[in-house]
Amino acid sequence: MKLEKEYDDSWRWTADLIVKYAPENYDERGIYRKNEWLMSSDIGKIYDGKRFTRKEYLETEDKYVQAVIRGMELTGCSFLTVEYLFVSRKKSDMKRRFTPKNPLYEQNKDLYDMFLNIKEGMRIHISQIEKAVRLNLRGYIDCDLTNKKKDFYVRFGFDYYMYFNSNIDKCILKEEIEKIGLYFNPR
């Protein structure tokens, strides 16, 4: 019987948080108080009296992709390795995610091959990294992306929380992330 690998999450203590959530909406305890969309399945729902659109979703997702690519550039990474991976490839999950009923159906078709072939230890070149980032953000996979030689680690949490562990100067990273339109350590 194969035992599941134990996951070490001590990295959380030193990680930099990168999110779409504005700092002014966190309370004094660091809890986010504004009702906002949390996942791609929220496309079409109403937030602050306005329908959340596929276009708005993709614009935000693009920012996360840009942040990972910029982090790779700042550390000199040409690839990231899939360190930890959880992916469900059950037929029922696949039908729900990769059918015309899904609001991101057209965009998901571009991710399908990586979804089927991604595995632990796989190196993903910077030119293909956006697919792994999008699969994580859409909840199709859960993986850590790392380049140990360059000391760069990207991890994804729930609700569009993304974490970097790196040796990038914090001031430079903050500036670059905010140029993209995301927030760096907002709480």
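Helices and strands are DSSP runs, numbered from the N terminus. With that convention, D159 lies in the loop between β7 and β8 (162-166). The model on screen is predicted, and this tour returns to D159 after a view of the whole chain.

**The whole chain**

Display the full chain as a ribbon. Its secondary structure amounts to six helices and nine strands. The radius of gyration is 17 Å, close to the 16 Å given by the globule rule for 187 residues, so the chain is as compact as a globular protein of that length. Along the principal axes, the C-alpha atoms occupy a box of roughly 50 × 45 × 35 Å.

Next, switch on the surface. The accessible surface is about 11000 Å², and carbon and sulfur atoms contribute 50% of it. Of the 187 residues, 47% count as buried. Among contacts with a separation of 6 or more, 64% join residues 24 or more positions apart. Colour the charged side chains: 35 are positive and 31 are negative, and the centres of these two sets lie 5 Å apart.

**Helix α1**

Select residues 54-75, which form helix α1. Does the distance between its ends agree or disagree with its number of residues? At 1.5 Å a residue, the 22 residues should span 32 Å, and the end C-alpha atoms are 32 Å apart, which agrees. The buried residues of α1 include Y57, L58, E61, Y64, V65 and V68. An α-helix has 3.6 residues a turn, so residues three or four places apart point the same way.

Now select L74, which is also in α1. L74 counts as partly exposed because its relative accessibility is 30%, between the limits of 20% and 50%. Leaving aside residues up to four places away in sequence, L74 touches I168, I172, L173 and E176. Measure from L74 to K150 in the viewer: their C-alpha atoms are separated by 10.0 Å, although the two residues are 76 residues apart along the chain. Just after α1, G76 takes a positive phi of about 75°.

**Helix α2**

Move to helix α2 (residues 91-97) and select S92 within it. S92 is partly exposed, with a relative accessible area of 48%. Add I124 to the selection: S92 and I124 are 32 residues apart in sequence, and their C-alpha atoms are 27 Å apart in space.

**Helix α5**

Select residues 129-137, helix α5. Is this helix mostly covered or mostly uncovered? Seven of its nine residues are buried, so α5 is mostly covered. The buried residues are I129, A132, V133, R134, L135, N136 and L137. Which elements cover them? The cover includes two helices already named or nearby in the numbering, α1 and α4 (112-117), together with the strands β4 (79-87), β5 (123-125), β6 (141-147) and β7 (152-156). Just after α5, G139 has a positive phi of about 80°.

**Two loops**

Most residues other than glycine have a negative phi, and most peptide bonds are trans. The last two stops have a positive phi without being glycine.

Select D48, in the loop between β2 (46-47) and β3 (50-51). Its phi is positive, at about 50°. D48 is exposed, with a relative accessible area of 66%.

Finally, return to D159 in the loop between β7 and β8. D159 has a positive phi of about 60°. Its relative accessibility is 32%, so D159 counts as partly exposed.

How values were computed: Residues are numbered from 1 along each chain as its sequence is written. This is a predicted model: local features need pLDDT of at least 70, side-chain atom pairs count only at pLDDT 80 or more; totals for chains, interfaces and linings use all residues. Side-chain values use heavy atoms; hydrogens and water are left out. Helices (H or I, at least four residues) and strands (E, at least two) are DSSP runs, numbered from the N terminus. The expected span of a helix is 1.5 Å times one less than its number of residues. Buried means under 20% relative accessible area, exposed over 50%, partly exposed in between (1.4 Å probe, protein chains only). The radius of gyration is taken over C-alpha atoms; the globule rule is 2.2 Å times the number of residues to the power 0.38. Contact means heavy atoms within 4.5 Å. Accessible areas come from the Shrake-Rupley method with a 1.4 Å probe; for residues, only the protein chains shown count as cover. Lys and Arg count as positive and Asp and Glu as negative; His and the chain ends are not counted. The place of a charge is taken as NZ of Lys, CZ of Arg, CG of Asp or CD of Glu.
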